[in-house]
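Biologist: I have a new model open and I'd like to learn how to read it. Could you walk me through it, one feature at a time?

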Amino acid sequence: MLLSRGRRWARWRRWRRARPFWGGLLAAVAGAWICVLPLAPLKIMLQQGVAGIPSVLMGIVMIVLGLTAWFSPQQRSLAGVLTTLVATAALVLSNLGGFLIGTLLGILGGGLMFAWQPYAAPRPGGSAAPGESPGTAAGPSPAAAPDDAPTPHHDPQGAQP
């Protein structure tokens, strides 16, 4: 039982480190915050009219962008920029962006998504990257546990192995 829990935890850590997890989480929480605030009992929602629709739509878009960062890390830059733009637009269009909380979380989450870089695997053969001395090749040491190392993945935007 304990061993399988440790394996599940290690698998979760590998999955989480192979994508912009915290940026996606903050974007989804910000979207949920912006989306839920204008929802009210049906009588109040009908009196509000179309004013609540942008809030719900922007919240849903931010949740989808956060999930996009999790399940398609290659699209993190676009998702980060769009999350920041939608969160900024929510400031004007949606109850001060969820009373500023949603906007601030959205901007922070978008920034984290945009800034995240995937793990670059060490060069095969132990060769150092240009500008490094041969004894200082980047990457985890061979003695490091494989469960602690992030999972490398293909990134078309730049992290060179």
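## Reading the helices and what they hide

Modeller: Happily. Let's begin with helix 2, where Phe21, Gly23, Gly24, Ala27, Ala28, Ala30, Gly31, Ile34 and Cys35 are buried. Keep in mind that this is a predicted model.

Biologist: Before we zoom in, how many helices and strands does the protein have?

Modeller: Seven helices and zero strands. Reading along the sequence, you get α-α-α-α-α-α-α. Of the 161 residues in the protein, 30% are buried.

Biologist: And what about the surface area, and how much of it belongs to carbon and sulfur atoms?

Modeller: The accessible surface is about 9,800 Å², and carbon and sulfur atoms account for 72% of it.

Biologist: Back to helix 2. What span should its residues have, and how far apart are its ends?

Modeller: Helix 2 runs over residues 21–36, so at 1.5 Å a residue its 16 residues should span 22 Å; the end C-alpha atoms are 22 Å apart, which agrees. Try the check on helix 4: its 19 residues should span 27 Å, and its end C-alpha atoms are 27 Å apart, so that agrees as well. For helix 5, the 18 residues should span 26 Å and the ends are 25 Å apart, which agrees.

Biologist: How should I think about which way residues on a helix point?

Modeller: The general idea is that an α-helix has 3.6 residues a turn, so residues three or four places apart point the same way. With that in mind, look at helix 5, whose buried residues are Arg76, Ser77, Ala79, Gly80, Thr83, Val86, Ala87 and Ala90. In helix 4, the buried ones are Ser55, Val56, Met58, Gly59, Met62, Leu65, Gly66, Ala69 and Trp70.

Biologist: What covers the buried residues of helix 5?

Modeller: The cover includes helix 2, helix 4, helix 6 (95–99) and helix 7 (101–115).

Biologist: Which residues form the largest nonpolar core?

Modeller: First the general idea: in soluble globular proteins, nonpolar side chains tend to be buried together. Here the largest nonpolar core has seven residues, namely Ala30, Ile34, Met58, Met62, Val86, Ala87 and Ala90. Helix 2, helix 4 (53–71) and helix 5 (76–93) each supply at least two of them. Helix 5 gives the largest share, with three residues. There's also a second, separate core of five residues, and Ala27, Leu65, Ala69 and Met113 are among them.

Biologist: Take one core residue, alanine 30. Which residues is it in contact with, beyond its sequence neighbours?

Modeller: Setting aside neighbours within four places in sequence, alanine 30 contacts Met62, Gly102, Leu105 and Gly106. For the protein as a whole, take the contacts between residues at least 6 apart in sequence: 74% of them join residues at least 24 apart.

Biologist: Is alanine 32 buried, exposed or partly exposed, and what makes it so?

Modeller: Alanine 32 lies in helix 2 too. Its relative accessibility is 30%, so it counts as partly exposed. Compare its position with isoleucine 63: they're 31 residues apart in sequence and 6.7 Å apart in space, C-alpha to C-alpha.

Biologist: Where do I find a nonpolar patch on the surface?

Modeller: Look at Leu91, Val92, Leu93, Leu96, Leu100 and Leu104, which make a nonpolar surface patch of about 590 Å². Helix 5 contributes the largest share of the patch, three residues. Valine 92 sits in helix 5, and at 70% relative accessibility it counts as exposed because the cut-off is over 50%.

Biologist: What about the loop after helix 5? Which residues does serine 94 touch?

Modeller: Serine 94 lies in the loop between helix 5 and helix 6. With 1% relative accessibility, it counts as buried. Not counting residues up to four places away in sequence, serine 94 touches Ile34, Ser55 and Met58. Its C-alpha atom and that of glycine 59 are separated by 9.4 Å, while the two residues are 35 apart along the chain.

Biologist: Last one: what is the phi of leucine 100?

Modeller: In general, most residues other than glycine have a negative phi. Leucine 100 isn't a glycine, yet its phi is positive, about 70 degrees. You'll find leucine 100 in the loop between helix 6 and helix 7, and its 43% relative accessibility makes it partly exposed. Asparagine 95, which follows helix 5, also has a positive phi, near 45 degrees.

Methods: Residues are numbered from 1 along each chain as its sequence is written. This is a predicted model: local features need pLDDT of at least 70, side-chain atom pairs count only at pLDDT 80 or more; totals for chains, interfaces and linings use all residues. Side-chain values use heavy atoms; hydrogens and water are left out. Helices (H or I, at least four residues) and strands (E, at least two) are DSSP runs, numbered from the N terminus. The expected span of a helix is 1.5 Å times one less than its number of residues. Buried means under 20% relative accessible area, exposed over 50%, partly exposed in between (1.4 Å probe, protein chains only). A nonpolar core is a set of buried Ala, Val, Leu, Ile, Met, Phe, Trp, Tyr and Cys residues joined through side-chain atoms within 4.5 Å. Contact means heavy atoms within 4.5 Å. Patches are made of residues with over 30% relative accessible area and no salt bridge: like charges are joined within 9 Å, nonpolar side chains (Val, Leu, Ile, Met, Phe, Trp, Tyr) within 5 Å. Accessible areas come from the Shrake-Rupley method with a 1.4 Å probe; for residues, only the protein chains shown count as cover. A salt bridge is a side-chain nitrogen of Lys or Arg within 4 Å of a carboxyl oxygen of Asp or Glu.
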